[in-house]
Amino acid sequence: MKRILFTCLLLALSIVLAGCGEKGSTTIDLIMTDFLFEPSEFTVPAGKDITVNATNNGAVEHEFVIFKLGTDAGQEFGDEDEENIYWEVEVLAGETTTTTFTAPSKPGEYFVTCGIEGHLLAGMVGKLTVVEP
Ligand SMILES: [Cu+2]
């Protein structure tokens with residue numbers, strides 16, 4: 001009987017720990033191709049330092065551009081969108097870059113795209129979900 005109780009406790013503990021894992025990751029592992037983000041959706045904890053490991057497997061340069069909350073690039077990325085950028089990183093074709101940024105302090109869904117002309121339309125769109133840590 002005691003053993004069953006112990007097993008139940010372990011099970012409950014593992015569920016709680018698994019739940020903690022859903023509070024977002026401080027690491028983003030990103031593959032860029034012509035013309036997709038893989039994966040395209042990320043969840044990070046608000047206000048934390050996030051490490052981005054970005055690999056460009058494409059034949060052309062790509063960017064990972066996070067927009068400010070409540071903004072997006074519309075149909076196509078243009079000069080008018082520059083002021084709405086929260087953070088961005090550029091990766092040359094065939095390169096891997098590791099860099100960091102501080103996640104926005106406000107939870108919400110942030111628009112992500114590649115700022116190079118035509119890449120948004122081609123499908124380089126993503127979403128960064130910021131959650132309470
Ligand atoms: Cu691109």
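**Exercise 1. In this predicted model, work out how strand β4 is joined to β7, and where that pair sits in its sheet.**

Solution. Start with the two strands themselves: β4, which covers residues 49–56, runs antiparallel to β7, and seven bridges join them. A single position helps to find the pairing in the structure, since Thr51 stands opposite Thr100 in β7. Next, place the pair in its wider setting, an open sheet of four strands with the order β2-β1-β4-β7 and mixed pairing. The edge strands of this sheet are β2 (36–38) and β7 (96–102), each of which pairs on one side only. Finally, look at how the strands lie relative to one another: neighbouring strands of this sheet are turned by 25° against each other on average, with direction ignored.

**Exercise 2. Determine which side chains of strand β3 are buried, and which strand pairs with β3 in the parallel sense.**

Solution. Begin with a general point: in a regular strand the side chains alternate between the two faces of the sheet. Strand β3, residues 41–45, can be read in this way, for Phe42 and Val44 point to one face and are buried. Glu41, Thr43 and Pro45 point to the other face and are not buried. Then turn to the partner, strand β9 (residues 125–131), which pairs with β3 in the parallel sense over five bridges. Within this pairing, Pro45 stands opposite Val131 in β9.

**Exercise 3. Describe the largest nonpolar core, and identify the element that gives the most to it.**

Solution. First take its extent: the largest nonpolar core has 25 residues, and those with the most contacts inside it are Ile66, Tyr110, Val112 and Leu128. Then ask which elements give two or more residues to this core; they are β1 (27–33), β3, β4, β5 (62–67), β6 (85–91), β8 (108–113) and β9. Of the elements, β5 gives the most, with four residues. To follow one residue in detail, choose Val112, which touches Phe64, Val65, Ile66, Val125, Gly126, Lys127 and Leu128 when residues up to four places away in sequence are not counted.

**Exercise 4. Summarise the protein as a whole, from its elements to its contacts.**

Solution. Count the elements first: the secondary structure comes to two helices and nine strands. From the N terminus on, these elements run α-β-β-β-β-β-β-β-β-α-β. Consider burial next, where 25% of the 133 residues count as buried. Lastly, among contacts with a separation of 6 or more, residues 24 or more positions apart account for 70%.

Notes
Residues are numbered from 1 along each chain as its sequence is written. This is a predicted model: local features need pLDDT of at least 70, side-chain atom pairs count only at pLDDT 80 or more; totals for chains, interfaces and linings use all residues. A residue is buried if 20 or more other C-beta atoms lie within 10 Å of its own, exposed if 12 or fewer, and partly exposed in between; C-beta atoms are placed from the backbone. Two strands pair if DSSP finds at least two bridges between them. Axes are lines fitted to C-alpha atoms, for helices over the stretch in contact, and angles run from 0 to 180 degrees between N-to-C directions. Two residues are in contact if their C-beta atoms, placed from the backbone, lie within 7 Å. A nonpolar core is a set of buried Ala, Val, Leu, Ile, Met, Phe, Trp, Tyr and Cys residues joined through C-beta atoms within 7 Å.
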